[in-house]
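Biologist: I have a structure open and would like to learn how to read it. Where should we begin?

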Amino acid sequence: MSTWGGPVDVTLTGGRVVTPDGVLDQGWVAVRDGLIAAVGEGAPPDGPTEDVAGSWLVPGFVDIHCHGGGGEAFTSADPARVRKAANAHRRHGTTTLLASLVSRPIPELADQVKALTELVHDGVVAGIHLEGPFLSAARCGAHDPAILCPPDRASIDRLLDAGGGAVRMITVAPELEHGVDAVRHLVDNDVLAAIGHTDATEAQIRPAVEAGATVATHLFNGMRPLHHREPGPIGALLDDERVTVELICDLVHLHPTAVRLAARHAGARRTVLVTDAIAAAGVGDGVYDVGGLEVRVVDGVPTLAGGAALAGSTLTMDAAFRNAVQSCGLTVEEAVRATSTHPAALLGLRGRTGELRAGLAADVVVLDTELKPREVMSRGEWVKD
């Protein structure tokens, strides 16, 4: 588990600093009292410095779809285990994340939401994402089909009430009974409505977007495939300027060409990289429980026991960043927007994190020339093993 090194006042110097306005080749980032005090180029301000020459300095990563890591899942009622999961990703540069929960019966899911709420208030996680149970049985993936149900208002309200404002996003298959009404109800309650695990046609997707759905849960995966005569959810969501598309950039869920095509079409304003990580992230192969289903991880790839269906990933955001640049053809600046800037804005956190600029939280990842983390700073404190 990570431990904190305590707050630091330091200026990181000599690195390539990725700012909202471009890259400073010999830049510096001054950190004071947990915030970014200034960003510049040339002579740094007076005070302690740390030379990070040869490194990239990028904002802390923001993961809006993560189920666990470090051997622990966010379904745990034990705060220490949830913190361990969050810390496992923090060591890899994720300084802000949503805790994603998989499909369970509504009463059980409400209890899981309640257990996480205090940790949201403490800032361990930035909110809760419910990936189910309002999903299509035809595209259920690693969700127990026996648990799936239509998104009736009473069920949604029970989950939202359990979180007291902590639930930030819910994934819905809009073709289900009450699906479009559910999207509208979520939007009315300031909750992000995401579309995923859906067998909908394009004609069934359009009303949900009109109702306010703004996120495509792991585009391509858990969806009716794209067809030239029936674009389905992939075509409809990718082509709509109002929708942000999640991409699991582990090179298993998506081929690099698929990532590149989607990112180019959606552009920097609508592309978000996510991990969809399970407890196995940062741990290794073995047998894990995901929403009551047995999942086997072999060579880093989780699948449902006895089948070939993918069951989340073992991805961390630094690897997603690296894959996007080294295998999928994104620039470092594009990868920063997809892993930090845009997901932070989507969560309403643009004035707090997601960019290297004065006044924001000192969430900084120092990457080496291979884009692997050398150091991670969260809110002005170094994250240590």
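Modeller: With strand pairing: two strands pair if DSSP finds at least two bridges between them. This is a predicted model. In it, strand β20 (residues 364-367) and strand β21 (residues 373-378) pair in the antiparallel sense over four bridges.

Biologist: How many residues lie between β20 and β21?

Modeller: Five, and the two strands form a hairpin. In the turn, Leu371 has a positive phi of about 65 degrees. Across the pairing, Val364 stands opposite Met377 in β21.

Biologist: Which strand besides β21 pairs with β20?

Modeller: Strand β6 (residues 56-59) does, in the antiparallel sense and over four bridges. Here Trp56 stands opposite Leu367 in β20. As for the side chains of β20, Val364 and Val366 point one way, Val365 and Leu367 the other way, and all are buried.

Biologist: In what order do the strands of the eight-stranded open sheet run?

Modeller: The order is β7-β10-β11-β12-β13-β14-β15-β16, and the pairing is parallel. The edge strands are β7 and β16 (271-274), each of which pairs on one side only. Inside the sheet order, take strand β12 (residues 167-172) and strand β13 (residues 192-195): they pair in the parallel sense over four bridges. Ile170 stands opposite Ala193 in β13.

Biologist: What lies across β15 and β16?

Modeller: Helix α7 (residues 256-266) does, and it runs at about 160 degrees to β15 (244-248).

Biologist: Now the interior. Which residues have the most contacts inside the largest nonpolar core?

Modeller: That core has 81 residues, and the ones with the most contacts inside it are Phe74, Ile128, Leu130, Ile170, Leu219 and Leu237. Its largest share, seven residues, comes from helix α2 (residues 106-121). A second, separate core has 16 residues, including Val10, Val29, Leu356 and Trp382.

Biologist: Beyond its neighbours within four places in sequence, what is Leu237 in contact with?

Modeller: Its partners are Ile195, Ile205, Val209, Ala216, Leu219, Met223, Val243, Val245 and Arg270.

Biologist: How is an aromatic pair described?

Modeller: By the distance of the ring centres and the angle of the planes. This structure holds one aromatic pair. Phe61 and Phe321 form it, at 5.6 Å centre to centre with 40 degrees between the planes, and it is tilted. The pair links distant parts of the chain: Phe61 is in strand β7 (residues 61-66) and Phe321 in helix α8 (residues 317-326), 260 residues apart.

Biologist: Why does Phe61 count as buried?

Modeller: Because its relative accessibility is 0%, and buried means under 20%. Phe321 is likewise buried, with a relative accessible area of 0%.

Biologist: Why is α8 described as largely enclosed by the rest of the structure?

Modeller: Because eight of its ten residues are buried. They are Met317, Asp318, Ala319, Ala320, Phe321, Arg322, Asn323 and Ala324.

Biologist: How many disulfides does a search of the whole structure find?

Modeller: Zero. A disulfide needs two cysteine sulfur atoms within 2.5 Å. For Cys66, the nearest cysteine sulfur is that of Cys249, 16 Å away. Cys66 counts as buried, at 0% relative accessibility. For Cys328, the nearest cysteine sulfur is also that of Cys249, 3.9 Å away, and Cys328 is in no disulfide.

Biologist: Is Cys328 buried or exposed?

Modeller: Buried, with a relative accessible area of 0%.

Key: Residues numbered from 1 in each chain as written. Predicted model: local features only at pLDDT ≥ 70, side-chain atom pairs only at ≥ 80, totals over all residues. Heavy atoms only, no water. Core = buried A, V, L, I, M, F, W, Y, C linked by side-chain atoms within 4.5 Å. Buried < 20%, exposed > 50% of the residue type's maximum accessible area, 1.4 Å probe, protein only. Contact = heavy atoms within 4.5 Å. Phe/Tyr/Trp six-rings, centres within 6.5 Å; stacked < 30°, edge-to-face > 60°. Axes fitted to C-alpha atoms, helices over the stretch in contact; angles between N-to-C directions.
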